[in-house]
Amino acid sequence: MADTLAPNLHGTPVIDDRALPLEAPEAAAPRRRRGRPPGARAKTSERAITADDITFLRALAQGVDSGVAAEQYLLHLGVAIERRGGDTYAERLRARVLAMASTWPELAEQAAIVWPEGLAPDALAEAAETELPPAWPAAAPRPTLEEFAQRFDPDMYSEAELVERFEEEFGAAAPDAQAPPPVPDQPRAGSADGVPDFRRKLHALDWMDRRLAVRPQREDAVSQWLALSSAQEEALRVAGVVSLGNLRDWMTLKGVRWWNALPRYGRVRGRRLQGWLDQSGIVPSAGLVVSVRPPGAVQVYAGELAPLSEMKWPMELRGAEGGFRGTLNTLGAQNDLQAIQKWFATLRDNSRGTQDGYRRAIERLALWAIMERGRAISALETQDLLDFFDFLRAPPAHWVQARVRTRTATDWRPLKGPLNSASMLQTSVAVRKMLAYWHGTGYLALNAATEMRGPKRTEVKMDVMRSFSEQDKEIIRGVVAAMDDGPRKRRLVAMIRLLQTAGLRRNEAASMTWAHMERVRLDGAVSDNWALRFEGKGKRERIVPLQDATIEALEAHRADRIAMAATGELNASWCAVPGEMPLLGIIDERLTGASMGSAGDMPHNARREGNATGCLSSARIYGLLKGFFKECAKQAGPKNSDFLAASTHWLRHTFAHDTLAANEGHADVLPVTQTLLGHASISTTMIYVKADVSARKRAVDNIQSIV
């Protein structure tokens with residue numbers, strides 16, 4: 001039994017290495033876009049093309065495996081779809097579009113660009129004979145101009161007026177009455193002008209999306225889009241659910257496990273349907289507020305856990321008359337939300353990581369104060385703040401997000417679990433700083449956090465032994481050596497060498513460009529060696545010399561990107577200014593385009609800006625290395641679990657241990673290592689020395705036993 005039609009996704013497809021066999025059910029669309037010729041549905045067995053079909057085709061045009069694309073964009077089509085392959089669905093989709101193109105010349109031109117090979121006559125005939133499910137009505141074929149004229153009295157319109165009415169109704173010039181124009185065998189334009197074929201295909205698919213694709217609307221009947229069992233239809237009928245808008249509101253009112261109210265629907269199908277409705281823009285009606293707490297949980301305010309920017313903040317809890325409010329303030333703030341924004345504005349000189357951490361901390365404080373305590377932030381007492389930190393150490397289940405979600409997802413949650421010591425320290429610092437700032441500007445007459453102290457810094461421990469052993473390094477070398485030679489391998493080598501032999505943090509590596517390179521002065525003279533000069537954590541300037549092998553790897557990666565830009569495989573603007581080129585850059589621009597996106601559940605559905613510089617993001621560096629370490633784990637075997645836990649920071653820890661070991665015995669080894677790592681305090685660098693038990697092992701071995 002089919003689930004739903006595919007969601008309206010417009011983002012660039014996310015390439016994955018998984019492929020599930022899928023195929024969509026044959027189903028007709030309920031509405032026709034104004035101005036599209038009925039010839040687009042000339043075959044009585046054809047259903048309309050949805051926006052999700054076009055997104056699926058976009059993914060294929062960009063080289064995504066059909067199974068992966070189907071999993072990404074069509075998985076919610078139902079159980080029947082999961083039993084067949086993405087290739088089968090792609091072929092039937094092509095047959096449907098080409099059948100429509102047989103009576104629509106403009107579509108024929110675009111289809112010839114997407115499928116220059118056309119379609120075999122027997123495949124076209126098979127597609128035309130495909131039966132529709134009973135729930136989908138067949139569309140009437142497009143009439144000829146002569147057939148259209150028979151609708152009216154003979155003297156009612158002149159020939160010109162008749163053609164005008166035909167075009168007004170069908171959106172295209174009247175076809176010849178004898179035979180429809182054939183689909184061209186070859187595309188009208190190839191790649192002779194330097195434009196890659198996949199770009200031409202994307203432009204053609206954009207045209208189809210505007211002229212051909214249909215999308216669900218709130219007022220559409222549920223039965224037009226969803227294939228439900230009789231029991232499920234009866235459950236919705238009893239609930240008064242008729243349209244898709246009714247359905248979305250009903251789901252919201254039922255809560256996060258709404259699918260339990262539909263017989264045999266299930267969580268997986270429920271998630272897919274909810275994601276499809278969100279992507280289609282069919283969201284709950286304005287003003288619909290429900291609780292997200294599970295049954296039995298204490299509820300103070302029946303609101304929804306949502307990010308600070310989206311939170312429905314009740315008037316009585318905004319702090320306009322908070323318990324500790326001052327009479328006058330220099331912020332010009334009238335309530336807590338305005339005061340929070342004013343404080344956020346003072347953080348602009350902090351690093352991006354610090355800003356994000358402080359914003360998360362205050363967001364959690366605001367949600368807790370309103371949802372759990374029912375008080376304005378400016379009315380919180382000292383005991384309230386102590387209770388807040390206890391809450392973060394053991395949060396209830398409805399505050400915890402178990403899976404990766406965007407901040408716009410309906411099941412977003414503020415926490416991923418209990419906060420560790422480092423996060424607790426950062427939260428404590430953020431809360432105390434903001435309240436102190438409010439007090440200093442007069443927004444608060446009293447500061448409830450004045451006598452509070454954060455967690456002891458000794459509680460925050462750095463596990464510096466999360467690094468690679470000599471045996472691990474051998475495995476890494478073996479996995480790299482076994483990789484196929486090419487730009488991806490050369491970029492991976494450059495990435496590993498930069499992080500492991502220069503000790504950079506992940507975000508530092510992501511921000512490095514060739515302009516950060518400078519010649520090293522040795523004993524007052526300029527040498528042939530190179531170093532990175534940049535501003536690191538805490539705005540401390542660092543100069544980190546680079547090994548020759550690291551320079552060679554970075555130059556090989558840069559040469560790959562320049563060559564790809566010259567052939568049109570990569571955005572040429574990313575390589576136009578040599579100094580602005582990133583040390584670690586994009587080599588596949590399919591994943592870098594801007595996307596309007598929508599309020600989806602997963603990161604690939606989120607709104608995003610285009611990549612203007614061609615640099616790898618910090619998150620992308622993390623993802624690439626995590627994937628590589630998984631391959632290393634396979635090579636290491638099931639008994640070696642280190643690689644499964646490994647991350648980019650392991651390379652920085654490895655650099656620290658290697659630096660100390662290679663310079664053991666030198667008097668200045670600690671301050672040099674501190675400078676290279678960019679530690680604010682040498683006591684932090686000492687942690688690596690304390691963690692290394694080699695010296696202690698030698699000391700014990702030198703003890704002579706008395707027996």
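Helices (H or I, at least four residues) and strands (E, at least two) are DSSP runs, numbered from the N terminus. I also keep to the rule that two strands pair if DSSP finds at least two bridges between them.

**Ground rules.** I'm working on a predicted model, where local features need pLDDT of at least 70, side-chain atom pairs count only at pLDDT 80 or more, and totals for chains, interfaces and linings use all residues. Residues are numbered from 1 along each chain as its sequence is written, and side-chain values use heavy atoms, with hydrogens and water left out.

**Entry 1, the sheet.** I looked up the strand order first and found an open sheet of three strands, β1-β2-β3, with antiparallel pairing. The edge strands are β1 and β3, each pairing on one side only. From one strand to the next, the twist averages 45°; for that angle, axes are lines fitted to C-alpha atoms, for helices over the stretch in contact, and angles run from 0 to 180 degrees between N-to-C directions.

**Entry 2, β1 and β2.** I checked β1 (residues 517-522) against β2 (residues 525-535) and got five bridges, with the strands running antiparallel. Glu518 has Ala531 in β2 as its bridge partner. The two strands form a hairpin with two residues between them, and I noted a positive phi of about 55° at Asp523 in the turn.

**Entry 3, β2 and β3.** I then moved on to β3 (residues 541-545), which is joined to β2 by five bridges, again antiparallel. Phe534 has Arg542 in β3 as its bridge partner. This hairpin has five residues between the strands, and Gly538 takes a positive phi near 75°. As a reminder to myself, side chains in a regular strand alternate between the two faces of the sheet.

**Entry 4, salt bridges.** How many salt bridges does the structure hold? I get 23, taking a salt bridge as a side-chain nitrogen of Lys or Arg within 4 Å of a carboxyl oxygen of Asp or Glu. For burial I use under 20% relative accessible area as buried, over 50% as exposed, and partly exposed in between (1.4 Å probe, protein chains only).

**Entry 5, Asp53 and Arg96.** I picked this salt bridge, where the closest N and O atoms are 3.4 Å apart. Asp53 lies in helix α1 (residues 51-61) and Arg96 in helix α4 (residues 86-101), so the pair ties together parts that are 43 residues apart in sequence. Buried or exposed? Asp53 is buried at 1% relative accessible area, and Arg96 is buried at 2%.

**Entry 6, Asp384 and Arg373.** These side chains meet in a salt bridge at 2.6 Å, N to O. The pair links Asp384 in helix α16 (residues 382-393) to Arg373 in helix α15 (residues 352-373), eleven residues apart. Asp384 counts as buried at 5% relative accessibility, while Arg373 is partly exposed at 29%. I also found a network of salt bridges linking Arg373, Arg375, Glu381, Asp384 and Asp387.

**Entry 7, Asp658 and Lys473.** My last pick is a salt bridge with its closest N and O atoms 3.0 Å apart. Why does it tie together parts 185 residues apart in sequence? Because Asp658 lies in helix α24 (residues 648-662) and Lys473 in helix α18 (residues 470-482). Asp658 is partly exposed, at 26% relative accessible area, whereas Lys473 counts as buried at 13%.
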